[in-house]
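Please open the model in your viewer and keep a selection panel at hand, as this tour goes from one selection to the next and says what is found at each stop.

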Amino acid sequence: MTSLQISVSDVCKSFGKQKVLSEIGVNVFKGEIFGLLGPSGAGKTTLVKMIAGIDTATSGSIKVLDVVMPNLKVLNKVGFMAQSDALYGELTALENLDFFATIYHLKGSIKKERIREVMELVNLLDDIKKPVNQFSGGMKRRLSLGISLLHQPEILILDEPTVGMDPVLRQSIWDELKRLSRNGTTIIVTTHVMDEAEKCDRLAMLRNGRLIATGSTEELKKQTGSATIEDAFLHFGGANR
């Protein structure tokens with residue numbers, strides 16, 4: 001039996017009188033790439049922030065590695081890449097990496113090696129000494145991804161990770177995510193891009209703050225008699241009812 005890494009049970013989230021998420025329940029298992037698919041405003045970012053321990057649920061519970069979130073002890077085992085880049089613009093890429101590596105308690109030769117590895121992965125090694133405020137939007141996304149991978153977390157949570165990236169780099173990032181999952185890293189990816197959703201092992205489809213379907217891409221297509229995930233999403237979302 002594959003071990004349960006993340007458990008979201010009956011989670012609701014409101015901001016004031018506005019309900020953003022209603023009765024969300026999903027389980028994510030070790031080593032899988034789990035996609036949260038839905039349009040902007042569906043509640044994907046709110047959900048991953050709560051899983052990462054950055055925000056709290058109004059009701060319901062979230063457990064990560066069998067610990068109720070939020071919990072500081074778990075944070076070192078989680079890598080989180082936010083939708084908005086949390087970078088220091090006046091610092092160089094290397095200084096940003098060094099700062100976050102220190103937070104993750106990386107030291108000496110291990111820190112140096114991890115910085116080089118992640119910068120190679122996101123194809124930014126040649127720009128490592130450039131101030132981040134000179135980076136394009138896509139370069140900032142790549143640097144944010146590199147930072148989230150620095151400490152080799154057990155769980156990786158990526159909010160729209162490939163926005164603004166060219167197709168070649170997007171493919172290489174997905175190749176790396178597949179490699180990480182094969183080696184046991186549990187990955188949650190939010191996306192509204194259908195071809196990226198197809199690359200996930202399992203999906204949760206969100207619409208208007210509600211969970212409309214969960215399953216593998218093949219299961220979801222089979223259930224709806226759809227040729228594509230986009231058609232399946234439209235079906236579950238009510239377009240074909």
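## First stop: a helix with two sides

Begin with the face of α4 that is turned away from its buried side, where the exposed residues Ser109 and Lys112 are carried. Keep in mind throughout that this is a predicted model.

Now select the whole of α4, a helix of 14 residues that reaches 20 Å from its first C-alpha to its last, which is close to the 20 Å expected at 1.5 Å a residue. Colour Lys111, Arg114, Ile115, Val118, Met119 and Leu121, which are the buried residues in α4. Turn the view to look down the axis of α4: its buried residues fall within an arc of 155°, so they line one face of the helix. To see what they pack against, add α3, α5 and α6 to the selection. Before leaving, step just past α4 to asparagine 123, which takes a positive phi of about 60°.

## Second stop: the second largest pocket

Next, display the second largest pocket, in which about 260 Å³ of space lies. Of the 17 residues that line the second largest pocket, select Arg114, Gln152, Arg179, Leu180 and Thr185, the closest to its centre. Arg114 has already appeared on this tour, as one of the buried residues in α4. Two elements, α4 (108-121) and α6 (167-182), each give two or more residues to the lining of the second largest pocket, and the largest share, 4 residues, comes from α4. If you colour the lining of the second largest pocket by class, you should find 6 nonpolar, 5 polar and 6 charged residues.

Stay with α6 and select serine 181, which lies in that helix. Is serine 181 buried or exposed? With a relative accessibility of 10%, serine 181 counts as buried, and, leaving aside neighbours within four places in sequence, it is in contact with Gly31, Ile33 and Ile187.

## Third stop: the largest pocket

Move on to the largest pocket, whose volume is about 430 Å³. It is lined by 20 residues, and those closest to its centre are Phe80, Ala86, Phe100, Tyr104 and Ile147. The elements that give two or more residues to the lining of the largest pocket are β6 (78-81), α3 (93-103) and α5 (137-149). Which of the elements gives the most to this lining? It is β6, with 4 residues. Coloured by class, the lining of the largest pocket shows 14 nonpolar, 5 polar and 1 charged residues.

Within strand β6, select valine 78, which is buried, with a relative accessible area of 5%. Not counting residues up to four places away in sequence, valine 78 touches Val64, His151, Pro153, Ile155 and Ile157. A distance label from valine 78 to serine 148 should read 8.4 Å, C-alpha to C-alpha, although the two are 70 residues apart in sequence.

## Fourth stop: backbone details

Select methionine 69 and proline 70 together, since the peptide bond from the one to the other is cis, with omega near 0°. Proline 70 is found in the loop between β5 (67-68) and α2 (72-75).

Then compare two glutamates. Glutamate 23, in strand β2 (residues 18-29), has a positive phi of about 50° although it is not a glycine, and at 55% relative accessibility it counts as exposed. Glutamate 160, found in the loop between β7 (155-159) and α6, also has a positive phi, near 50°, but at 7% relative accessibility glutamate 160 counts as buried.

## Last stop: helix α9

Finish at helix α9 (residues 229-236) and select Ile229, Ala232, Phe233 and Phe236, which are buried. Seen down the axis of α9, its buried residues fall within an arc of 100°, so they line one face of the helix. Show β3 (33-37), α7 (194-197), β9 (202-207), β10 (210-216) and α8 (217-224) as well, as these are included in what covers the buried residues of α9. The final selection is glycine 238, which follows α9 and has a positive phi, near 100°.

Note on methods: Residues numbered from 1 in each chain as written. Predicted model: local features only at pLDDT ≥ 70, side-chain atom pairs only at ≥ 80, totals over all residues. Heavy atoms only, no water. 1 Å grid on protein atoms, 1.4 Å probe; cavity = no way out; pocket = protein on both sides within 12 Å on 5 of 7 lines; lining within 4 Å. Points joined across faces, edges and corners; volume = space filled by probe spheres on them. Nonpolar A, V, L, I, M, F, W, Y, C, P; charged D, E, K, R; others polar. Expected span 1.5 Å × (residues − 1). Buried < 20%, exposed > 50% of the residue type's maximum accessible area, 1.4 Å probe, protein only. Arc of directions from axis to C-beta. Contact = heavy atoms within 4.5 Å.
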